[in-house]
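Colleague: Could you take me through the largest pocket in this model? I would like to know which residues line the largest pocket and lie nearest its centre.

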Amino acid sequence: MSAHAQTRVSAQAPDPTQAMVPAKPRPASGNTALAASALVQAALGIEFALSGLNKVADPNYVANFSSFVQANPGSSSGPLSLVVQRVVLPNADLFATLLKVVELAIGPILLIGALEIGRRRLSGHLGASHGYEAGVAFIAALAGLAAAGLTFSIFVLNGGELPTIMPGRAFTTAIPVELLIVPLGLSVAWLEFGRFFVLRRRPATVIVGDNH
């Protein structure tokens, strides 16, 4: 065999050492962005879980629900006043229980979603892909939307005052906490919906470095 033919054969033959190295796919989102979203999601989950548990621990919660709603300016004027007067207050016990149940559901769902994102950052079998991930991401996205909608409703019920420059708030938060949670919940929903659309398009396989 000539030297030229040997060169052509060598160039065409695959390198066995390269075939043994698995290709590392590029994540759909950056690991840093996903890790940061998991922290925000976990914080929201803890907030809603503790809020729901506080309602469970309060023996007078259901009895005081009507007083709390009526004391807010949004119950007598504003976009939610008609609903509050005709639907919520006549069924105060039902809506008090519903609020408690919703918060107790949102909190753990967001926490599970955050833990799932954190788990996929791990290597080996702990970070392996599973078929349930798309479903978890979808439910967590719905929980993020519910968190944003619920807190925005409370913000409107409280009067719905947009943040402005006020000397009296020099030592308090400039943005109401309820209004601050709204974009956080929407961000969590956006990221989780993105994970859902990525995860549902591929089978559950164990791939080293796949950190969707």
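Modeller: Happy to; here is the pocket, followed by the core and two of the helices. This is a predicted model, in which local features need pLDDT of at least 70 and side-chain atom pairs count only at pLDDT 80 or more, while totals for chains, interfaces and linings use all residues. Residues are numbered from 1 along each chain as its sequence is written, and side-chain values use heavy atoms, with hydrogens and water left out.

The chain has eight helices and zero strands (DSSP runs, H or I of at least four residues for helices and E of at least two for strands, numbered from the N terminus).

The largest pocket holds about 770 Å³ of space. Here a pocket is an open set of points on a 1 Å grid over the protein atoms alone, where a 1.4 Å probe fits, with protein on both sides within 12 Å along at least five of seven lines; lining residues have an atom within 4 Å of a point. The volume is the space filled by probe spheres set on the points, which are joined across faces, edges and corners. Of the 27 lining residues, Phe65, Phe68, Leu99, Leu150 and Ile154 lie nearest the centre. H3, H4, H5, H6, H7 and H8 each give two or more residues to this lining. By type, the lining has 18 nonpolar, five polar and four charged residues (Ala, Val, Leu, Ile, Met, Phe, Trp, Tyr, Cys and Pro are nonpolar; Asp, Glu, Lys and Arg charged; the others, Gly among them, polar).

Phe65 also belongs to the largest nonpolar core, where Phe48, Phe65, Val69, Ile106 and Leu110 touch the most other members out of 19 residues. Such a core is a set of buried Ala, Val, Leu, Ile, Met, Phe, Trp, Tyr and Cys residues joined through side-chain atoms within 4.5 Å. H6 gives the largest share of this core, five residues. Leaving aside neighbours within four places in sequence, Phe48 is in contact (heavy atoms within 4.5 Å) with residues including Ile106, Leu150 and Ile181.

Now to H4: its buried residues are Tyr61, Phe65 and Val69 (buried is under 20% relative accessible area, exposed over 50%, partly exposed in between, with a 1.4 Å probe and protein chains only). They line one face of the helix, because they fall within an arc of 75 degrees seen down the axis of H4; the arc is that of the directions from the helix axis to the C-beta atoms. On the other side of H4, Ala63, Gln70 and Ala71 are exposed.

In H5, Ser81, Val84 and Val88 are buried, and H4, H6 and H7 are among what covers them.
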